[in-house]
Amino acid sequence: RVDAEVQGLRFVVDKLLSAQMPVLSWWAVVTVMTRASTTITILSIFTAGIALNQRGMTSIGEIVMFVSFATMLIQRLEQVVSFINSVFMEAPRLKEFFDVLDAVPAVRDRPDAVDPGRLQGRVEFNDVSFSYDSKRPAVANLSFVASPGETIALVGPTGAGKSTAVALLHRAFDPQSGVIRIDGMDIRDLTLSGLRRNIGVVFQEPLLFNRSIAENLRVGKPDATEEEMRLAAGRAQALDFIERGEKKFDTHAGERGRMLSGGERQRLSIARALLKDPPILILDEATSALDAVTEAKVNAALDEVMKGRTTFVIAHRLSTIRNAARILVFADGRVIESGTFSELLANVGHFAQLAKAQFMTQESTEADPSLSRTNPAVEIRPLSLGN
(Lines give C-alpha, C1' and ligand atoms only; values in the text may rest on other atoms or scores of the structure.)
Protein backbone atom coordinates (compact mmCIF):
# COMPACT_ATOMS: atom_id res chain seq x y z
CA ARG A 1 0.00 0.00 0.00
CA VAL A 2 2.99 2.37 0.19
CA ASP A 3 2.89 3.49 -3.46
CA ALA A 4 -0.91 3.80 -3.43
CA GLU A 5 -0.86 5.92 -0.26
CA VAL A 6 1.95 8.12 -1.62
CA GLN A 7 -0.01 8.69 -4.83
CA GLY A 8 -3.08 9.50 -2.79
CA LEU A 9 -1.11 12.05 -0.79
CA ARG A 10 0.29 13.60 -3.96
CA PHE A 11 -3.23 13.89 -5.35
CA VAL A 12 -4.35 15.73 -2.21
CA VAL A 13 -1.32 18.05 -2.33
CA ASP A 14 -1.88 18.80 -6.03
CA LYS A 15 -5.53 19.58 -5.34
CA LEU A 16 -4.55 21.84 -2.44
CA LEU A 17 -1.96 23.69 -4.53
CA SER A 18 -4.38 24.13 -7.44
CA ALA A 19 -6.74 25.92 -5.04
CA GLN A 20 -3.98 27.94 -3.34
CA MET A 21 -1.85 29.02 -6.31
CA PRO A 22 -4.26 31.71 -7.63
CA VAL A 23 -4.52 33.20 -4.17
CA LEU A 24 -0.78 32.98 -3.60
CA SER A 25 -0.11 34.59 -6.97
CA TRP A 26 -2.23 37.61 -6.16
CA TRP A 27 -0.70 37.69 -2.71
CA ALA A 28 2.78 37.77 -4.26
CA VAL A 29 1.76 40.63 -6.58
CA VAL A 30 0.32 42.65 -3.70
CA THR A 31 3.42 41.99 -1.56
CA VAL A 32 5.75 43.14 -4.34
CA MET A 33 3.66 46.27 -4.88
CA THR A 34 3.67 47.01 -1.15
CA ARG A 35 7.43 46.63 -0.87
CA ALA A 36 7.95 48.68 -4.03
CA SER A 37 5.68 51.42 -2.68
CA THR A 38 7.66 51.50 0.54
CA THR A 39 10.96 51.86 -1.32
CA ILE A 40 9.55 54.51 -3.67
CA THR A 41 8.20 56.49 -0.70
CA ILE A 42 11.59 56.57 1.02
CA LEU A 43 13.38 57.50 -2.23
CA SER A 44 10.82 60.25 -2.87
CA ILE A 45 11.47 61.77 0.56
CA PHE A 46 15.22 61.67 -0.09
CA THR A 47 14.82 63.24 -3.54
CA ALA A 48 12.50 65.99 -2.35
CA GLY A 49 14.67 66.60 0.71
CA ILE A 50 17.87 66.92 -1.31
CA ALA A 51 16.20 69.33 -3.74
CA LEU A 52 14.86 71.48 -0.90
CA ASN A 53 18.22 71.32 0.91
CA GLN A 54 20.01 72.67 -2.15
CA ARG A 55 17.60 75.61 -2.15
CA GLY A 56 18.19 76.18 1.58
CA MET A 57 14.59 75.32 2.45
CA THR A 58 15.37 72.33 4.73
CA SER A 59 18.21 70.85 6.72
CA ILE A 60 19.78 67.39 6.69
CA GLY A 61 18.31 66.73 10.15
CA GLU A 62 14.80 67.43 8.86
CA ILE A 63 15.36 65.03 5.95
CA VAL A 64 16.49 62.29 8.37
CA MET A 65 13.50 63.04 10.64
CA PHE A 66 11.00 62.69 7.75
CA VAL A 67 12.63 59.43 6.63
CA SER A 68 12.39 58.09 10.20
CA PHE A 69 8.73 59.11 10.45
CA ALA A 70 7.97 57.48 7.10
CA THR A 71 9.77 54.25 8.12
CA MET A 72 7.91 54.14 11.44
CA LEU A 73 4.55 54.74 9.77
CA ILE A 74 5.19 52.04 7.16
CA GLN A 75 6.15 49.54 9.88
CA ARG A 76 2.94 50.25 11.78
CA LEU A 77 0.85 49.86 8.64
CA GLU A 78 2.55 46.54 7.91
CA GLN A 79 1.76 45.40 11.46
CA VAL A 80 -1.90 46.34 10.97
CA VAL A 81 -2.04 44.41 7.69
CA SER A 82 -0.31 41.43 9.31
CA PHE A 83 -2.80 41.47 12.20
CA ILE A 84 -5.77 41.60 9.80
CA ASN A 85 -4.31 38.70 7.83
CA SER A 86 -3.81 36.69 11.04
CA VAL A 87 -7.42 37.34 12.07
CA PHE A 88 -8.71 36.04 8.74
CA MET A 89 -6.36 33.05 8.82
CA GLU A 90 -7.20 32.12 12.41
CA ALA A 91 -10.92 32.89 12.22
CA PRO A 92 -11.96 29.23 11.57
CA ARG A 93 -9.82 27.99 14.45
CA LEU A 94 -11.13 30.71 16.74
CA LYS A 95 -14.68 29.75 15.81
CA GLU A 96 -14.00 26.11 16.67
CA PHE A 97 -12.36 27.15 19.94
CA PHE A 98 -15.30 29.29 21.03
CA ASP A 99 -17.76 26.61 19.90
CA VAL A 100 -16.08 24.22 22.33
CA LEU A 101 -15.75 26.88 25.04
CA ASP A 102 -19.42 27.83 24.81
CA ALA A 103 -20.72 24.27 24.48
CA VAL A 104 -23.23 23.22 27.12
CA PRO A 105 -22.79 19.55 28.14
CA ALA A 106 -25.77 17.35 27.45
CA VAL A 107 -25.14 15.65 30.80
CA ARG A 108 -25.00 18.23 33.58
CA ASP A 109 -26.16 18.84 37.13
CA ARG A 110 -29.75 19.71 37.76
CA PRO A 111 -30.33 22.95 39.73
CA ASP A 112 -31.50 20.96 42.76
CA ALA A 113 -28.90 18.16 42.50
CA VAL A 114 -27.46 16.97 45.81
CA ASP A 115 -24.16 15.41 46.84
CA PRO A 116 -25.02 11.93 48.18
CA GLY A 117 -21.80 11.37 50.12
CA ARG A 118 -20.66 7.74 50.17
CA LEU A 119 -23.32 5.43 48.76
CA GLN A 120 -24.14 1.87 49.80
CA GLY A 121 -24.23 0.57 46.21
CA ARG A 122 -27.73 -0.72 45.51
CA VAL A 123 -28.19 -0.18 41.76
CA GLU A 124 -31.54 -0.42 39.99
CA PHE A 125 -32.19 -0.17 36.25
CA ASN A 126 -35.90 0.37 35.65
CA ASP A 127 -37.04 0.02 32.01
CA VAL A 128 -34.00 1.96 30.71
CA SER A 129 -33.65 2.65 26.99
CA PHE A 130 -31.00 4.60 25.10
CA SER A 131 -30.09 5.14 21.46
CA TYR A 132 -27.10 6.93 19.96
CA ASP A 133 -28.83 7.82 16.70
CA SER A 134 -32.51 7.75 17.74
CA LYS A 135 -33.03 4.87 15.31
CA ARG A 136 -31.46 1.69 16.60
CA PRO A 137 -31.57 1.24 20.40
CA ALA A 138 -28.24 0.59 22.09
CA VAL A 139 -30.13 -0.68 25.15
CA ALA A 140 -33.89 -1.21 25.32
CA ASN A 141 -36.20 -1.78 28.29
CA LEU A 142 -33.28 -2.75 30.52
CA SER A 143 -34.41 -3.71 34.04
CA PHE A 144 -32.45 -5.40 36.83
CA VAL A 145 -31.37 -4.80 40.43
CA ALA A 146 -27.88 -5.20 41.90
CA SER A 147 -27.69 -5.44 45.66
CA PRO A 148 -24.79 -3.89 47.62
CA GLY A 149 -21.71 -6.10 47.35
CA GLU A 150 -23.14 -8.16 44.49
CA THR A 151 -21.12 -8.93 41.35
CA ILE A 152 -23.03 -8.70 38.08
CA ALA A 153 -21.42 -10.01 34.87
CA LEU A 154 -22.49 -8.66 31.49
CA VAL A 155 -21.99 -11.06 28.60
CA GLY A 156 -22.75 -10.82 24.90
CA PRO A 157 -21.35 -10.10 21.45
CA THR A 158 -19.89 -6.79 20.31
CA GLY A 159 -22.55 -4.09 20.03
CA ALA A 160 -24.98 -5.91 22.32
CA GLY A 161 -25.16 -2.94 24.71
CA LYS A 162 -22.95 -4.04 27.61
CA SER A 163 -20.62 -1.02 27.67
CA THR A 164 -23.52 1.34 27.00
CA ALA A 165 -25.37 -0.01 30.03
CA VAL A 166 -22.49 0.67 32.42
CA ALA A 167 -21.80 4.02 30.73
CA LEU A 168 -25.35 5.05 31.59
CA LEU A 169 -24.64 4.17 35.21
CA HIS A 170 -21.86 6.76 35.57
CA ARG A 171 -23.77 9.22 33.34
CA ALA A 172 -21.56 9.30 30.29
CA PHE A 173 -25.05 9.61 28.74
CA ASP A 174 -28.55 9.95 30.12
CA PRO A 175 -31.23 7.44 29.06
CA GLN A 176 -34.03 8.61 26.79
CA SER A 177 -36.51 6.70 28.95
CA GLY A 178 -36.51 4.83 32.21
CA VAL A 179 -34.74 5.51 35.48
CA ILE A 180 -31.46 4.42 37.02
CA ARG A 181 -31.39 4.56 40.81
CA ILE A 182 -28.62 4.12 43.35
CA ASP A 183 -29.75 3.56 46.92
CA GLY A 184 -33.25 4.53 45.79
CA MET A 185 -32.15 7.92 44.37
CA ASP A 186 -32.42 8.82 40.69
CA ILE A 187 -28.82 9.36 39.56
CA ARG A 188 -29.96 12.51 37.72
CA ASP A 189 -30.84 14.00 41.11
CA LEU A 190 -27.21 13.61 42.22
CA THR A 191 -24.34 15.89 41.36
CA LEU A 192 -22.02 14.47 38.73
CA SER A 193 -19.00 14.81 41.01
CA GLY A 194 -20.85 13.14 43.89
CA LEU A 195 -22.06 10.28 41.68
CA ARG A 196 -18.75 9.61 39.98
CA ARG A 197 -16.84 9.83 43.24
CA ASN A 198 -18.71 6.65 44.22
CA ILE A 199 -17.92 4.78 40.99
CA GLY A 200 -14.58 3.38 39.89
CA VAL A 201 -14.15 2.38 36.25
CA VAL A 202 -11.43 0.28 34.65
CA PHE A 203 -11.77 0.48 30.88
CA GLN A 204 -10.55 -1.98 28.29
CA GLU A 205 -8.39 0.83 26.88
CA PRO A 206 -6.58 2.44 29.85
CA LEU A 207 -6.87 6.23 29.98
CA LEU A 208 -3.56 7.68 31.18
CA PHE A 209 -2.33 11.27 31.10
CA ASN A 210 1.09 12.57 30.09
CA ARG A 211 2.03 12.93 33.72
CA SER A 212 3.89 10.95 36.34
CA ILE A 213 2.63 7.58 37.53
CA ALA A 214 1.82 9.14 40.91
CA GLU A 215 -0.29 11.88 39.30
CA ASN A 216 -2.14 9.28 37.22
CA LEU A 217 -2.88 7.23 40.33
CA ARG A 218 -4.10 10.30 42.21
CA VAL A 219 -6.70 11.15 39.57
CA GLY A 220 -9.40 9.45 41.64
CA LYS A 221 -7.96 10.39 45.02
CA PRO A 222 -5.86 13.58 44.90
CA ASP A 223 -4.84 13.39 48.57
CA ALA A 224 -3.52 9.82 48.43
CA THR A 225 -0.24 9.23 50.25
CA GLU A 226 2.68 7.34 48.75
CA GLU A 227 2.02 4.44 51.10
CA GLU A 228 -1.58 4.20 49.87
CA MET A 229 -0.35 4.29 46.27
CA ARG A 230 2.18 1.55 46.99
CA LEU A 231 -0.53 -0.61 48.55
CA ALA A 232 -2.91 -0.12 45.60
CA ALA A 233 -0.13 -0.74 43.07
CA GLY A 234 0.92 -3.88 44.93
CA ARG A 235 -2.62 -5.27 44.93
CA ALA A 236 -2.86 -4.56 41.18
CA GLN A 237 0.47 -6.31 40.52
CA ALA A 238 1.91 -2.99 39.32
CA LEU A 239 4.46 -2.27 42.05
CA ASP A 240 7.18 -4.46 40.52
CA PHE A 241 7.54 -2.49 37.26
CA ILE A 242 7.09 0.85 39.08
CA GLU A 243 9.96 0.03 41.44
CA ARG A 244 12.15 -1.05 38.51
CA GLY A 245 12.01 2.46 37.08
CA GLU A 246 14.72 4.94 38.03
CA LYS A 247 12.20 7.57 39.16
CA LYS A 248 9.66 5.04 40.49
CA PHE A 249 6.35 6.85 41.10
CA ASP A 250 7.73 10.02 39.47
CA THR A 251 8.24 8.21 36.14
CA HIS A 252 6.28 9.85 33.33
CA ALA A 253 3.74 7.62 31.62
CA GLY A 254 3.97 9.52 28.33
CA GLU A 255 1.13 10.66 26.08
CA ARG A 256 -1.73 8.17 26.60
CA GLY A 257 0.75 6.06 28.57
CA ARG A 258 2.90 5.24 25.52
CA MET A 259 6.02 4.83 27.68
CA LEU A 260 4.41 1.77 29.26
CA SER A 261 3.37 -1.57 27.82
CA GLY A 262 -0.30 -2.46 27.39
CA GLY A 263 -0.26 -4.69 30.46
CA GLU A 264 1.47 -2.05 32.57
CA ARG A 265 -1.08 0.57 31.55
CA GLN A 266 -3.90 -1.80 32.44
CA ARG A 267 -2.44 -2.58 35.85
CA LEU A 268 -2.02 1.14 36.58
CA SER A 269 -5.65 1.67 35.65
CA ILE A 270 -6.68 -1.08 38.06
CA ALA A 271 -4.44 0.37 40.78
CA ARG A 272 -6.08 3.77 40.26
CA ALA A 273 -9.52 2.24 40.81
CA LEU A 274 -8.32 0.40 43.91
CA LEU A 275 -6.83 3.60 45.30
CA LYS A 276 -10.11 5.42 44.82
CA ASP A 277 -11.88 2.74 46.92
CA PRO A 278 -15.40 3.30 45.52
CA PRO A 279 -18.52 1.39 46.64
CA ILE A 280 -19.38 0.67 42.98
CA LEU A 281 -16.82 -0.80 40.59
CA ILE A 282 -17.06 -1.22 36.82
CA LEU A 283 -14.60 -3.54 35.08
CA ASP A 284 -14.91 -3.16 31.32
CA GLU A 285 -12.71 -6.08 30.20
CA ALA A 286 -10.16 -4.92 32.75
CA THR A 287 -7.68 -7.76 32.21
CA SER A 288 -7.77 -7.88 28.42
CA ALA A 289 -4.18 -6.64 28.00
CA LEU A 290 -2.57 -8.95 30.55
CA ASP A 291 -0.66 -12.17 30.02
CA ALA A 292 -1.98 -15.36 31.60
CA VAL A 293 0.30 -15.27 34.67
CA THR A 294 -0.28 -11.60 35.46
CA GLU A 295 -3.99 -11.99 34.74
CA ALA A 296 -4.24 -14.72 37.34
CA LYS A 297 -2.55 -12.48 39.91
CA VAL A 298 -4.71 -9.47 39.04
CA ASN A 299 -7.86 -11.58 39.15
CA ALA A 300 -6.91 -12.68 42.66
CA ALA A 301 -6.48 -9.01 43.62
CA LEU A 302 -9.77 -8.09 41.95
CA ASP A 303 -11.59 -10.92 43.73
CA GLU A 304 -10.35 -9.44 47.00
CA VAL A 305 -11.21 -5.84 46.18
CA MET A 306 -14.63 -6.75 44.77
CA LYS A 307 -15.73 -8.03 48.16
CA GLY A 308 -18.26 -5.66 49.69
CA ARG A 309 -18.60 -3.64 46.47
CA THR A 310 -21.29 -3.63 43.84
CA THR A 311 -19.29 -4.73 40.82
CA PHE A 312 -20.25 -4.80 37.15
CA VAL A 313 -17.97 -6.92 34.99
CA ILE A 314 -17.98 -6.87 31.20
CA ALA A 315 -17.16 -10.56 31.02
CA HIS A 316 -14.58 -12.11 28.75
CA ARG A 317 -12.89 -14.66 31.01
CA LEU A 318 -14.54 -17.70 32.59
CA SER A 319 -12.60 -17.17 35.81
CA THR A 320 -14.19 -13.73 36.09
CA ILE A 321 -17.82 -14.65 35.52
CA ARG A 322 -17.84 -17.98 37.32
CA ASN A 323 -18.02 -16.30 40.72
CA ALA A 324 -20.57 -13.67 39.67
CA ALA A 325 -23.78 -13.60 41.67
CA ARG A 326 -25.65 -13.09 38.40
CA ILE A 327 -24.86 -13.09 34.71
CA LEU A 328 -26.84 -10.90 32.30
CA VAL A 329 -26.67 -12.09 28.70
CA PHE A 330 -27.13 -9.22 26.23
CA ALA A 331 -28.27 -9.35 22.61
CA ASP A 332 -29.43 -6.40 20.50
CA GLY A 333 -29.52 -4.10 23.52
CA ARG A 334 -31.73 -6.40 25.61
CA VAL A 335 -31.13 -8.89 28.40
CA ILE A 336 -32.23 -12.21 26.98
CA GLU A 337 -31.00 -14.45 29.82
CA SER A 338 -30.20 -13.97 33.49
CA GLY A 339 -28.92 -16.29 36.16
CA THR A 340 -25.85 -17.85 37.69
CA PHE A 341 -23.20 -19.60 35.63
CA SER A 342 -24.54 -23.06 36.39
CA GLU A 343 -28.17 -22.03 35.86
CA LEU A 344 -27.45 -20.56 32.43
CA LEU A 345 -25.54 -23.63 31.32
CA ALA A 346 -28.37 -25.84 32.54
CA ASN A 347 -30.87 -23.82 30.47
CA VAL A 348 -28.95 -24.74 27.29
CA GLY A 349 -29.78 -21.32 25.84
CA HIS A 350 -27.75 -18.53 24.27
CA PHE A 351 -25.14 -18.49 27.04
CA ALA A 352 -24.67 -22.26 26.84
CA GLN A 353 -24.17 -21.98 23.09
CA LEU A 354 -21.50 -19.30 23.62
CA ALA A 355 -19.81 -21.48 26.21
CA LYS A 356 -19.92 -24.51 23.93
CA ALA A 357 -18.53 -22.54 20.99
CA GLN A 358 -15.75 -20.70 22.84
CA PHE A 359 -14.73 -22.80 25.84
CA MET A 360 -13.87 -26.31 24.69
CA THR A 361 -11.10 -28.21 26.45
CA GLN A 362 -11.22 -31.29 28.61
CA GLU A 363 -9.09 -29.77 31.38
CA SER A 364 -11.71 -27.30 32.64
CA THR A 365 -14.43 -29.93 32.43
CA GLU A 366 -12.39 -32.14 34.72
CA ALA A 367 -11.83 -29.18 37.04
CA ASP A 368 -15.62 -28.69 37.24
CA PRO A 369 -17.43 -32.03 36.63
CA SER A 370 -20.82 -30.31 37.00
CA LEU A 371 -20.29 -28.78 33.56
CA SER A 372 -20.02 -32.25 32.03
CA ARG A 373 -23.13 -33.44 33.87
CA THR A 374 -25.07 -30.41 32.65
CA ASN A 375 -24.15 -30.93 29.03
CA PRO A 376 -21.58 -33.57 28.07
CA ALA A 377 -20.80 -31.69 24.86
CA VAL A 378 -19.83 -28.54 26.75
CA GLU A 379 -16.16 -28.42 27.63
CA ILE A 380 -14.73 -25.28 29.16
CA ARG A 381 -11.47 -23.43 28.78
CA PRO A 382 -10.72 -19.78 29.64
CA LEU A 383 -10.88 -18.05 26.29
CA SER A 384 -12.79 -14.96 25.21
CA LEU A 385 -16.51 -14.89 25.89
CA GLY A 386 -17.81 -12.21 23.57
CA ASN A 387 -16.35 -8.74 23.66
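Where is Asp277 found? Select Asp277 to see. The residue sits in the loop between α8 and β7 (280–284). Keep in mind throughout that this is a predicted model.

**Stop 1: Asp277 and its partner across the chain**

Stay on Asp277. Is Asp277 buried or exposed? Asp277 is partly exposed, because its relative accessible area is 35%, and partly exposed covers the range between under 20% (buried) and over 50% (exposed). Now add Gly200 to the selection. Along the chain, Asp277 and Gly200 are 77 residues apart. Draw a distance between their C-alpha atoms: the separation is 7.6 Å.

**Stop 2: the largest pocket**

Next, select Val201, Phe203, Leu207, Val219 and Arg272. Of the lining residues of the largest pocket, these lie nearest its centre. The full lining counts 18 residues. Two elements, β6 (199–202) and α8 (262–276), each give two or more residues to that lining. Colour α8 and look at its contribution. With four residues, α8 supplies the largest share of the lining.

How much space lies in the largest pocket? About 500 Å³. Now colour its lining by residue class. You should find nine nonpolar, four polar and five charged residues.

**Stop 3: the second largest pocket**

Move on to Thr31, Thr34, Arg35, Glu78 and Val81. Among the 14 residues that line the second largest pocket, these are the closest to its centre. Show α1 (2–54) and α2 (60–101) as ribbons; these are the elements that give two or more residues to this lining. Which element gives the most? α1 does, with eight residues.

The volume of the second largest pocket is about 330 Å³. Colour this lining by class as well. Its residues split into five nonpolar, seven polar and two charged.

**Stop 4: a nonpolar patch on the surface**

Finish with a surface view. Select Leu9, Val13, Leu17, Met21 and Leu24. Together they make a nonpolar surface patch of about 430 Å².

Pick out Leu9 from this group. Leu9 has its place in helix α1, the element that also gives the most to the lining of the second largest pocket. Is Leu9 buried or exposed? Leu9 counts as exposed because its relative accessible area is 55%, and the cut-off for exposed is over 50%.

Definitions and conventions. Residues numbered from 1 in each chain as written. Predicted model: local features only at pLDDT ≥ 70, side-chain atom pairs only at ≥ 80, totals over all residues. Heavy atoms only, no water. 1 Å grid on protein atoms, 1.4 Å probe; cavity = no way out; pocket = protein on both sides within 12 Å on 5 of 7 lines; lining within 4 Å. Points joined across faces, edges and corners; volume = space filled by probe spheres on them. Nonpolar A, V, L, I, M, F, W, Y, C, P; charged D, E, K, R; others polar. Patch = residues over 30% accessible without salt bridge, like charges linked within 9 Å, V, L, I, M, F, W, Y side chains within 5 Å. Areas by Shrake-Rupley, 256 points an atom, 1.4 Å probe, with all protein chains shown as cover. Salt bridge = Lys/Arg side-chain N within 4 Å of Asp/Glu carboxyl O. Buried < 20%, exposed > 50% of the residue type's maximum accessible area, 1.4 Å probe, protein only.
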